[in-house]
Amino acid sequence: MQTIQSLDALEALYGEPAPASLSKVCRALTPAYRRWIEGSRFLILSTVGPDGTDGSPRGDDEPVVEILNDTTLLLPDWRGNNRMDSLRNIVTDGRVSLMFMVPGSNEVVRVNGQAVLTADADVTARFERKGKTPKTVVVITLEEIYFQCAKALMRSRLWRGEDLSKTVPSAGALLGDASAGFDANAFNKTYIKRAEETMW
């Protein structure tokens with residue numbers, strides 16, 4: 001099996017990125033991205049450390065993170081199996097990636113940034129539930145945020161039950177916040193059809 005050994009070879013194979021895939025990237029929460037994050041009860045936390053990488057699902061019955069400000073998110077570490085793979089990685093290498101999902105929405109919102117852990121009682125107390133608090137909270141400094149196109153979730157037909165897609169901003173709204181003068185309504189009218197026609 002031949003493998004791709006250079007960025008030049010990779011870029012020659014795929015060609016230029018779609019313009020919207022670059023213009024959609026924001027360096028802080030926009031109003032639409034804030035609403036999207038507040039509507040998410042589930043994310044995947046990706047970390048890297050000396051022993052390798054880790055991807056960890058995180059969920060809650062209310063927003064999965066608390067937005068402290070436009071560049072800071074708080075993620076409580078609720079009781080798990082104490083492997084602490086993600087937490088160990090964060091202590092040794094603060095780079096993190098988050099993938100936020102909402103049932104019924106084919107968009108995924110991605111955050112890349114830096115994280116630290118805190119066991120500060122004032123911070124953990126923000127998440128008190130029935131007398132219990134998380135042992136630690138992951139404090140994430142957002143460096144970039146953008147949404148992933150719908151094709152992967154459309155191909156997988158991931159959502160078969162509860163549909164909450166109407167409670168979060170559309171792809172057009174997210175792009176509208178990122179790009180001055182962008183026509184969100186026109187984009188939304190043709191977005192799904194375009195994705196269906198180019199899935200494979």
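**Exercise 1. A loop residue with positive phi**

Find where Arg157 sits, and decide whether Arg157 is buried, partly exposed or exposed.

*Solution.* Arg157 belongs to the loop that runs between α6 (151–156) and α7. Keep in mind as you look that this is a predicted model. Next, check the backbone: phi of Arg157 is positive, about 50 degrees, although Arg157 is not a glycine. Last, take the accessibility. Arg157 has 55% relative accessibility, and the cut-off for exposed is over 50%, so Arg157 counts as exposed.

**Exercise 2. Another loop, another positive phi**

Which loop holds Met84, and is Met84 buried, partly exposed or exposed?

*Solution.* Start with the place: Met84 lies in the loop between β4 (72–77) and α4 (85–92). Its phi is near 60 degrees, a positive value in a residue other than glycine. Now for the surface: the relative accessible area of Met84 is 38%. Buried means under 20% and exposed means over 50%, so Met84 is partly exposed.

**Exercise 3. How two helices meet**

Describe how α3 (residues 31–38) and α7 (residues 171–178) cross, and name the residues that make the contact.

*Solution.* Begin with the axes, which come within 8 Å and cross at roughly 140 degrees. That angle makes α3 oblique to α7. Then list the partners: α3 brings Pro31, Ala32, Tyr33 and Trp36, while α7 brings Ala173, Leu174 and Asp177. Sorted by class, the contact has six nonpolar residues, no polar ones and one charged.

**Exercise 4. The buried faces of the two helices**

Which residues of α3 and α7 are buried, and what do they pack against?

*Solution.* Take α3 to begin with. Its buried residues are Ala32, Tyr33, Trp36 and Ile37. Looking down the axis of α3, you find them within an arc of 135 degrees, so they line one face of the helix. They pack against β3 (66–69), β5 (95–101), β6, β7 and α7.

Now turn to α7, where Ala171, Gly172, Leu174 and Leu175 are buried. Down the axis of α7 these residues fall within an arc of 160 degrees, so they too line one face of their helix. Their packing partners are α2 (19–23), α3, β6 (108–118), β7 and α8 (184–197).

**Exercise 5. Into the core**

How many residues does the largest nonpolar core have, and which of them have the most contacts inside it?

*Solution.* The core has 38 residues, and Tyr33, Phe100, Val109 and Ile145 have the most contacts inside it. Strand β7 (residues 136–148) gives the largest share, six residues. Let us follow two core members. Beyond its neighbours within four places in sequence, Tyr33 is in contact with residues including Lys24, Cys26, Val109, Ile145 and Leu174. Val109, in strand β6, is buried at 0% relative accessibility. Among the residues Val109 touches, leaving out those up to four places away in sequence, are Tyr33, Trp36, Phe100, Ile145 and Leu174.

**Exercise 6. Elsewhere on strand β6**

Leu117 is in strand β6: what is its accessibility class, and which residues does Leu117 touch?

*Solution.* With 28% relative accessibility, Leu117 counts as partly exposed. Setting aside residues up to four places away in sequence, Leu117 touches Leu87, Ile90, Val91, Thr136, Val137 and Val138. For a last step, compare sequence with space: Leu117 and Val139 are 22 residues apart in sequence, and their C-alpha atoms are 6.1 Å apart.

Definitions and conventions: Residues are numbered from 1 along each chain as its sequence is written. This is a predicted model: local features need pLDDT of at least 70, side-chain atom pairs count only at pLDDT 80 or more; totals for chains, interfaces and linings use all residues. Side-chain values use heavy atoms; hydrogens and water are left out. A nonpolar core is a set of buried Ala, Val, Leu, Ile, Met, Phe, Trp, Tyr and Cys residues joined through side-chain atoms within 4.5 Å. Buried means under 20% relative accessible area, exposed over 50%, partly exposed in between (1.4 Å probe, protein chains only). Helices (H or I, at least four residues) and strands (E, at least two) are DSSP runs, numbered from the N terminus. Contact means heavy atoms within 4.5 Å. Axes are lines fitted to C-alpha atoms, for helices over the stretch in contact, and angles run from 0 to 180 degrees between N-to-C directions. Angles under 35 degrees count as roughly parallel, over 145 as roughly antiparallel, 65 to 115 as roughly perpendicular and the rest as oblique. Ala, Val, Leu, Ile, Met, Phe, Trp, Tyr, Cys and Pro count as nonpolar, Asp, Glu, Lys and Arg as charged, and the others, Gly among them, as polar. The arc is that of the directions from the helix axis to the C-beta atoms.
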